[in-house]
Amino acid sequence: GQWIDHYRDGTYSRLKFSWIDDCEFEIEFIESTNSVQNQFSKKGDKYRYLVIDKKKKYYLVSVEAVGTDGYHLTYLFF
């Protein structure tokens with residue numbers, strides 16, 4: 001699959017999406033029309049998401065930029 005982020009200004013980012021297991025997946029940056037995202041990511045950058053908890057309207061996830069030592073927690077709304 002693919003993952004597409006749509007931004008309020010009408011731009012988007014396109015990423016490759018793949019499951020690692022039932023609660024973990026990885027996205028790989030392909031391209032973006034968003035100028036901020038283009039400064040943050042380059043083609044081939046990978047980000048690993050681990051679902052920690054499911055709530056009524058969102059998932060609590062840990063996000064790691066593959067190859068780095070850090071991670072951060074965020075919400076993934078559905």
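Two strands are taken to pair if DSSP finds at least two bridges between them. In the predicted model described here, this criterion is met by β3 and β4, which run in the antiparallel sense and are joined over 5 bridges. Within this pairing, F25 stands opposite Y49 of β4. Strand β3, comprising residues 24-32, is also paired with β2, again in the antiparallel sense, over 8 bridges. The connection between β2 and β3 is a hairpin, with 2 residues lying between the two strands. Across from E26 of β3 stands S18.

With regard to the overall architecture, the protein contains 1 helix and 6 strands. Their order along the sequence follows the pattern β-β-β-α-β-β-β. The radius of gyration is 13 Å, close to the 12 Å given by the globule rule for 78 residues, and the protein is therefore as compact as a globular protein of that length. The C-alpha trace spans about 30 × 30 × 25 Å along its principal axes. Of the 78 residues, 24% count as buried. Among contacts with a separation of 6 or more, 13% are accounted for by residues 24 or more positions apart.

Two residues illustrate contrasting environments. W3 is found in strand β1. Its relative accessibility is 16%, and W3 therefore counts as buried, the limit for that class being under 20%. When residues up to four places away in sequence are not counted, W3 touches S13, R14, L15, F17, F25, I27 and L76. F25, one of these contacts of W3, is the residue that stands opposite Y49 in β4. The C-alpha atoms of W3 and S18 lie 9.3 Å apart in space, the two residues being 15 residues apart in sequence.

L60, by comparison, is placed in strand β5. L60 has a relative accessibility of 23% and for this reason counts as partly exposed, a class that extends from the 20% limit of buried residues to the 50% above which residues are exposed. Leaving aside neighbours within four places in sequence, the contacts of L60 are with L50, V51, I52, D53, L73, T74 and Y75. A separation of 25 Å is found between the C-alpha atoms of L60 and T11, which are 49 residues apart along the chain.

The largest pocket encloses about 340 Å³ of space. Its lining is formed by 17 residues, of which I27, Y47, Y49, V63 and H72 are the closest to the centre. Two or more residues of this lining are given by each of β1 (2-6), β2 (12-21), α1 (35-40), β4 (46-54), β5 (58-65) and β6 (71-77). The largest share, 4 residues, comes from β6. By residue class, the lining of the largest pocket divides into 11 nonpolar, 4 polar and 2 charged residues. Some of the residues described above recur at this site. I27, among the residues closest to the centre of the pocket, is also one of the contacts of W3. Y49, likewise listed among those closest to the centre, is the β4 residue opposite F25.

Key: Residues are numbered from 1 along each chain as its sequence is written. This is a predicted model: local features need pLDDT of at least 70, side-chain atom pairs count only at pLDDT 80 or more; totals for chains, interfaces and linings use all residues. Side-chain values use heavy atoms; hydrogens and water are left out. On a 1 Å grid over the protein atoms alone, a cavity is a set of points where a 1.4 Å probe fits but cannot get out, and a pocket is an open set with protein on both sides within 12 Å along at least five of seven lines; lining residues have an atom within 4 Å of a point. Grid points are joined across faces, edges and corners, and a volume is the space filled by probe spheres set on the points. Ala, Val, Leu, Ile, Met, Phe, Trp, Tyr, Cys and Pro count as nonpolar, Asp, Glu, Lys and Arg as charged, and the others, Gly among them, as polar. Buried means under 20% relative accessible area, exposed over 50%, partly exposed in between (1.4 Å probe, protein chains only). Contact means heavy atoms within 4.5 Å. The radius of gyration is taken over C-alpha atoms; the globule rule is 2.2 Å times the number of residues to the power 0.38.
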